[in-house]
Amino acid sequence: MNLTEFNQSDRCDHFSCPERSVSPAVYILLYVCSAAVVLLTVCGNLLVIISVLHFKQLHTPTNMLLLSLAVSDFLVGALVMPSMLIWTIESCWIFGRDFCISFLDFCITFLLIGGIIMTISIYNVALIAVDRYLALSNPFLYISSVSKRTMCIVVYSNWCVCIMYTTSFYYFNGSFENSVMCPGECLFVVNDVWTVIDLIYSFIFPLSVIIILYTQVFVIAKKHATAIRDLNNHTRPKTQKITSHSMKSERKAAKVLGILVSVFLVCLLPYYIYSLLGNVIELQSETLLTFLVVVHLNSTINPVIYAQFYPWFRRCVKLIITLQIFLTDSDLINILS
């Protein structure tokens with residue numbers, strides 16, 4: 001996903017930021033709320049990162065994907081959200097052209113950073129869908145073939161590919177030289193061919209993977225639920241009880257990650273619907289900017305989902321806040337029981 005597909009608007013006629021129509025009290029409140037959102041995003045995802053890295057019980061293939069998602073969400077909160085929220089409150093870009101798109105000197109810019117991180121995020125979610133599908137459709141093959149090392153290689157490859165793609169998108173598109181920055185705007189004009197390519201790569205393909213695989217996941221989970229009920233109606237040997245417990249665990253994991261994916265899609269859909277229908281629907285820059293803010297708020301919501309549905313995360317937070325992680329062998333503490 002790229003923070004670039006804005007249309008030129010009548011705001012190009014302005015040579016300064018528009019005057020605020022809100023009272024000073026509301027203006028201050030907006031900044032306080034924005035600071036709270038940024039702090040929650042950074043701290044929440046940092047807690048997830050520390051938890052997965054520190055406690056050895058959490059060193060599983062699936063949690064490597066959650067770690068990757070938490071890192072990308074942390075970077076959104078630390079690098080993208082502050083500028084995005086200030087842009088929204090001020091109703092114009094106040095950081096200057098260089099920080100926005102000074103790409104002719106190949107500088108690291110706001111648009112490049114945001115594009116890389118959001119592309120990585122959506123592919124992290126797609127990989128989570130693939131992981132859950134493989135774990136539920138063929139659990140024995142999954143356990144034997146998908147190791148933590150394998151998943152780390154997958155995560156590393158995902159980051160490399162997304163970084164190379166997004167960098168190529170900005171560097172080779174060639175629109176910086178010909179585009180005219182509206183004063184107070186942070187815009188990047190994308191030609192039609194690159195728009196289609198980016199839409200397919202950044203949204204249509206991963207979204208299709210997510211929807212198709214999670215549809216299959218819930219079909220399989222329903223079959224597992226039926227099988228568990230059948231087992232509960234009969235006297236079972238110990239091995240069947242273990243199988244039943246394993247199936248329940250996989251179904252619960254699929255349910256929680258399904259909520260994670262659903263929230264992610266709800267946050268992204270408004271922006272991408274506009275991307276698909278941008279030539280039909282004319283929206284003001286403020287509305288489109290609001291869509292982008294909603295996209296980034298997903299990074300704030302994810303740690304809240306972990307806290308709500310993962311008991312191990314709540315235990316980890318308690319151990320981190322009370323500084324018990326600095327005790328000897330704290331990484332071996334049982335946080336899954």
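**Notes on an all-helix predicted model**

1. Confidence first: the protein averages a pLDDT of 78, and 72% of the residues score at least 70 (pLDDT being the predictor's confidence in each residue, from 0 to 100). This is a predicted model, so local features need pLDDT of at least 70 and side-chain atom pairs count only at pLDDT 80 or more, while totals for chains, interfaces and linings use all residues. Residues are numbered from 1 along each chain as its sequence is written, and side-chain values use heavy atoms, with hydrogens and water left out.

2. Where is the confidence highest and lowest among the elements? Helix 1 has the highest mean pLDDT, at 93, and helix 3 (residues 96-101) the lowest, at 64. Outside that ranking, pLDDT stays under 50 over residues 1-15, yet the model has 60 contacts for this stretch beyond four places in sequence (a contact being heavy atoms within 4.5 Å). Residues 103-107 also have a pLDDT below 50, and beyond near neighbours in sequence this stretch has twelve contacts in the model.

3. On to the fold. The secondary structure comes to ten helices and zero strands, where helices (H or I, at least four residues) and strands (E, at least two) are DSSP runs numbered from the N terminus. Read along the sequence, that gives the pattern α-α-α-α-α-α-α-α-α-α. Of the contacts with a separation of 6 or more, 79% come from residues 24 or more positions apart. Buried residues make up 47% of the 337 residues; here buried means under 20% relative accessible area, exposed over 50%, and partly exposed in between (1.4 Å probe, protein chains only).

4. One helix pair to look at is helix 1 with helix 10. Two packed helices are described by the angle between their axes and the distance between the axes. Helix 1 (residues 24-54) and helix 10 (residues 311-321) pack at about 95°, with axes 10 Å apart. That makes helix 1 roughly perpendicular to helix 10. For the conventions, axes are lines fitted to C-alpha atoms, for helices over the stretch in contact, and angles run from 0 to 180 degrees between N-to-C directions. Angles under 35 degrees count as roughly parallel, over 145 as roughly antiparallel, 65 to 115 as roughly perpendicular and the rest as oblique.

5. Which residues in helix 1 and helix 10 meet? From helix 1 come Gly44, Leu47, Val48, Ile50 and Ser51, and from helix 10 Trp312, Phe313, Cys316, Val317 and Ile320. By class, this contact has eight nonpolar, two polar and no charged residues. The classes work like this: Ala, Val, Leu, Ile, Met, Phe, Trp, Tyr, Cys and Pro count as nonpolar, Asp, Glu, Lys and Arg as charged, and the others, Gly among them, as polar.

6. Cysteines next. The structure holds zero disulfides, a disulfide being a pair of cysteine sulfur atoms within 2.5 Å. Cys316, already met in the helix 10 contact, is buried because its relative accessible area is 0%. Cys43 counts as partly exposed, at 37% relative accessibility.

7. Now some pairs that are far apart in sequence. Tyr272 sits in helix 8 (residues 238-277) and is buried, with a relative accessible area of 1%. Its C-alpha is 8.2 Å from that of Leu199, with their positions 73 residues apart in sequence. Val196 belongs to helix 7 (residues 192-232) and is partly exposed at 48%. Val196 and Leu276 are 80 residues apart in sequence and 9.2 Å apart, C-alpha to C-alpha.

8. Another such pair involves helix 9 (residues 285-309), where Thr290 is placed. Thr290 is partly exposed, since its relative accessibility is 40%. Along the chain Thr290 and Leu85 are 205 residues apart, but their C-alpha atoms are separated by 9.5 Å.

9. Last, the segment after helix 10. Most residues other than glycine have a negative phi, and most peptide bonds are trans. Leu323 lies in this segment and has a positive phi of about 65° although it is not a glycine; at 52% relative accessibility, Leu323 counts as exposed. Asp329, also placed there, has a positive phi of about 60°. Is Asp331, in the segment after helix 10, buried or exposed? Asp331 is buried, with a relative accessible area of 18%. Leaving aside neighbours within four places in sequence, Asp331 is in contact with His54, Phe55 and Lys56.
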